[in-house]
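Here is a friendly walk through a few local features. Keep the structure open beside the text as you read.

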Amino acid sequence: MSLPAVALELAAATVLLLYAVRLVKTGVEAASGDLVARSVGGGGSRLRAALYGCLVAIGLQSSTAVAMLAAGFAISGALALDVGLAVLLGADLGSALVVKILSFDLHWLAPLLIAAGGLLHLKARKRKTVEAGRAVLGIGLLLLSLQMIGHATAPLAQSPLLPSAIAFIGKDGLTVMILAALFTWVLHSSVAAILLILTFAARGIVPIDVGIPLVLGVNLGGGLIALWLTRGLPVEGRRLPLGNLFFRALFSVAIFTLFSLDVPFAWLPGDTAAGKLVNLHVLFNAALVAVGLVTCGSMARLVRLLTPEVAREGDFTAHASALDRALIDKPAQALAAAAREVLYMGNLITRMLEPVMTVIEAPTPEAVKALRRIDGDIHRAHSEIKLYIATVNRGVLTEEQSARGIELTEAAIHLEYAGDVVAKSLLQMAEERLAGAGAFSQEGWRELTLLHAAVSSNVRLAANLLVSPDPVIAREMVRQKEHVRRLVEESSKSHLERLRQGIGASIQSSDMHLEIVRALKEVNSLVTTMAYPRLRETGDLLESRLIPAA
């Protein structure tokens, strides 16, 4: 096989590998996004957080995806910095375990997974089954891509050119590590990068003394990916990947120093160079978790010191408005700008709603005040959007543009109402708890947290709908509304039964319990209305629940 043909096949296999990793990630997120989000944002002890991060990374086959989820929870205040760092360290270990699993000879499994996943994705009726099929198909394509890489690299192992070049570069371990870090950042996938290295090592192209700095570079580059992707987020979201990068960098430098001092690595388990390298990758991240669980607090303090807050959380002046007055006479662009600002409102609602149950459970004056500041930002954004769209409507618009303007205005109104419900009802409950109101029963609190998680999921879907007006998302929002309605009914019945049994905690917290249920139900109804325009367009929305009169 000629060198251009080898290069083309290797490039195609690498692209397929990256696509397969993305396919698995999107499939898992769509099939079980609520569970994934609750796991990452669940908090708890550092050990528990690391375990959740590990499991979610195995499911998503991406520690970067976990980092992005965790950054969102950190911005909302639902995830403490030290616990978030534990989540990311666990995710790094989960990603390494994925590589370990894929390093086994599973070529026989690829056709089965592609056939089963493809059929599920194409033929299944339920959305979650369709998305699960997408994830299974992605795993099958991932295994197929590894076979293609192995086939493409076979001629390279017999050619004296590439091994000689690698041997020459390998004389400078630091350069190899830096190049590997940059290569991983360019690929935006540490899983793909390490699998490529292992495939080359299995073919005898990469020896162990070159593979060690390559593995260290991949781990360093994996930290760079999340830091790059969060560069535009508020400081609370940037701190987590920065702390994770510091952990990775310190460990990489420490092990590289031992490597430079000719400390032998023959003790690494594995019969081949590829086996030793994948085990080094797993042990690197396992040791990082062990050390990080003890030192996450110190790292959190260091990161806060290096990234001071520039503006108050919720300070409206820190947000650069998308409402550009220069676009007023360009309706298409102006409405697109208004849509971005409505999305900003949706993100504010998420930041306000996500931590509210934590604030109610363990309220502090500072936390309540911070969430009320966000409500003020929502009011200001709503007023700006209404005035902006009203000005745009004075120009010449098509019928479709006029309808879009009305849709965006209604979305802004509903989001403002949702913010009012959170501020006037849920935060009022937090203030009552501050004043000494009684605690909830264990079962009652469990019901409320389940309801809150379902409503938060619908708020996130509403934000996704603003970005991508997909009828599939709209239908999922309406289905989620029905799920919330069932949760409300079940909680009301259970609460009345606890009152009948005379459970003291339920009697003391009865008014608060019912008010929280009512408020969450109202928030859910308000955000779900944003799905109705999409469903009307596709004819999926009934005008009335009533049976037509005979």
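## Helix H9 and what follows

Glycine 204 adopts a positive phi of about 80° just after H9. Please bear in mind that this is a predicted model.

Helix H9 itself covers residues 190-202, 13 residues in total. From its first C-alpha to its last it reaches 18 Å, close to the 18 Å expected at 1.5 Å a residue. H9 is mostly covered, with twelve of its 13 residues buried. Among the buried residues of H9 are Ser190, Val191, Ile194, Leu195, Thr199 and Phe200.

## Helices H13 and H16

Two packed helices are described by the angle between their axes and the distance between the axes. For helix H13 (residues 331-353) and helix H16 (residues 399-434), the axes come within 10 Å and cross at roughly 15°. Angles under 35 degrees count as roughly parallel, and H13 and H16 are therefore roughly parallel to each other.

The crossing of H13 past H16 is left-handed. Sorted by class, the residues in the contact of H13 with H16 are 19 nonpolar, four polar and two charged.

## Aromatic pairs

How many aromatic pairs does the structure hold? There are six aromatic pairs. In one pair, phenylalanine 440 and tryptophan 445 sit 5.2 Å centre to centre with 40° between the planes, a tilted arrangement. Phenylalanine 440 and tryptophan 445 are both buried.

Elsewhere in the sequence, you can look up one aromatic cluster formed by Phe256, Phe259, Phe265 and Trp267.

Note on methods
Residues numbered from 1 in each chain as written. Predicted model: local features only at pLDDT ≥ 70, side-chain atom pairs only at ≥ 80, totals over all residues. Heavy atoms only, no water. Axes fitted to C-alpha atoms, helices over the stretch in contact; angles between N-to-C directions. Helix = DSSP H or I, 4+ residues; strand = E, 2+ residues; numbered from the N terminus. Parallel < 35°, antiparallel > 145°, perpendicular 65-115°, else oblique. Left-handed = near helix turned anticlockwise from the far one by under 90°. Nonpolar A, V, L, I, M, F, W, Y, C, P; charged D, E, K, R; others polar. Expected span 1.5 Å × (residues − 1). Buried < 20%, exposed > 50% of the residue type's maximum accessible area, 1.4 Å probe, protein only. Phe/Tyr/Trp six-rings, centres within 6.5 Å; stacked < 30°, edge-to-face > 60°.
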